[in-house]
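Thanks, everyone. I'd like to go through the pockets on this one, so let me put the sequence and the structure up.

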Amino acid sequence: MRDATASLSAVSYVGGMFSYLTRAVRFRLKSVVLIPLVAALVVFVADWMRPVGYAAQAVVRVGRVDGAEVAPMSSIVFQMNSASFKRRAFGTADSSADGDAKARRLILDSFDVRPATSEMLALSVGAPSEQAATEALQAAVRTLNADQEKIRAPALSEVNTQIALVDSNIASLIRVREELASLGSIGVSDPASLMLRRVWLLDLIVRNEEKLVVATNDRRALAERMGPSKTYPATLSDDVTVRQVSPNPLRHAIFAGAIVLLIMLVYAMVSRPASA
């Protein structure tokens, strides 16, 4: 019985509210209908007159040196979102051409960088054309690599120095191998001395070959550290998504009309009709 009574009370309450809303809307029907339509029309025309705008999104693989990050991810995000980085990447907004100034200002204000994964950055930017949006992303990656080159250069120089030393050692060991081979061709009349000489040369050759193997392995390891799997600059992905974001008058007009309609319904309910 209690559940049935509660259900009837809820139905009665909802019915009463709906009836009240109907009377309120009927009393101000013209305002409830016309004002949202006018608002939607104004927003439609205003948005339709806006210049065309595009938004581009892409991911960037951050650079590495010898398998390690050039800089922490948080530091890179902070750097790319800074005003100084944007000015260097996209130039200043001060230009004699008004269109160029507006385009640069749009890029400067809309450019944003966020971490996507532990090795990826998500870049987004707005621009007046698809080409400008794509070029802005490419310019940002070029500027990032130019800035990080100051950090990459000492590390690369150190590895290149080690490679040069190892190459010099390998060349020296190869010369020793050739000299030992030439010594083995020199004849000795005494059989005992010849046997001792061969044992001595064999021992030298084995030791030299062992050193040569170690040096070659070191050279290969250094080459892997400089290889494309462990050392590479920041790279923009080929999958750049560009979409038109403005003007979109129909969507904005519907949204504005719905908001104003909701406001008018609330106003009609709280403003008691004169006949009520």
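Helix H4 (83-90), H5 and helix H6 (130-184) each put at least two residues into the lining of the second largest pocket. Bear in mind that this is a predicted model. H6 is the main contributor here, with 5 residues. As for volume, the second largest pocket comes out at about 160 Å³.

Which residues line the second largest pocket? Reading along the chain, they are Ala-89 and Phe-90, then Asp-100, Ala-103, Arg-104 and Ile-107, and finally Ala-132, Glu-135, Ala-136, Ala-139 and Arg-142. Sorted by class, that lining has 7 nonpolar and 4 charged residues, and no polar ones.

Now the largest pocket. Its volume is about 240 Å³. There are 12 lining residues, and those closest to the centre of the pocket are Pro-51, Val-52, Gly-53, Leu-106 and Pro-128. Three elements give two or more residues to this lining: strand E1 (53-61), helix H5 (98-110) and strand E7 (241-246). Of the elements, which one gives the largest share? That is H5, with 4 residues.

The class count for the largest pocket is 7 nonpolar, 3 polar and 2 charged residues. For the second largest pocket, to repeat, the polar count is none and the charged count is 4.

One last point, on H5. This helix supplies at least two residues to the lining of the second largest pocket, and H5 also appears among the elements that line the largest pocket. That's what I have on the pockets.

Notes. Residues are numbered from 1 along each chain as its sequence is written. This is a predicted model: local features need pLDDT of at least 70, side-chain atom pairs count only at pLDDT 80 or more; totals for chains, interfaces and linings use all residues. Side-chain values use heavy atoms; hydrogens and water are left out. On a 1 Å grid over the protein atoms alone, a cavity is a set of points where a 1.4 Å probe fits but cannot get out, and a pocket is an open set with protein on both sides within 12 Å along at least five of seven lines; lining residues have an atom within 4 Å of a point. Grid points are joined across faces, edges and corners, and a volume is the space filled by probe spheres set on the points. Ala, Val, Leu, Ile, Met, Phe, Trp, Tyr, Cys and Pro count as nonpolar, Asp, Glu, Lys and Arg as charged, and the others, Gly among them, as polar.
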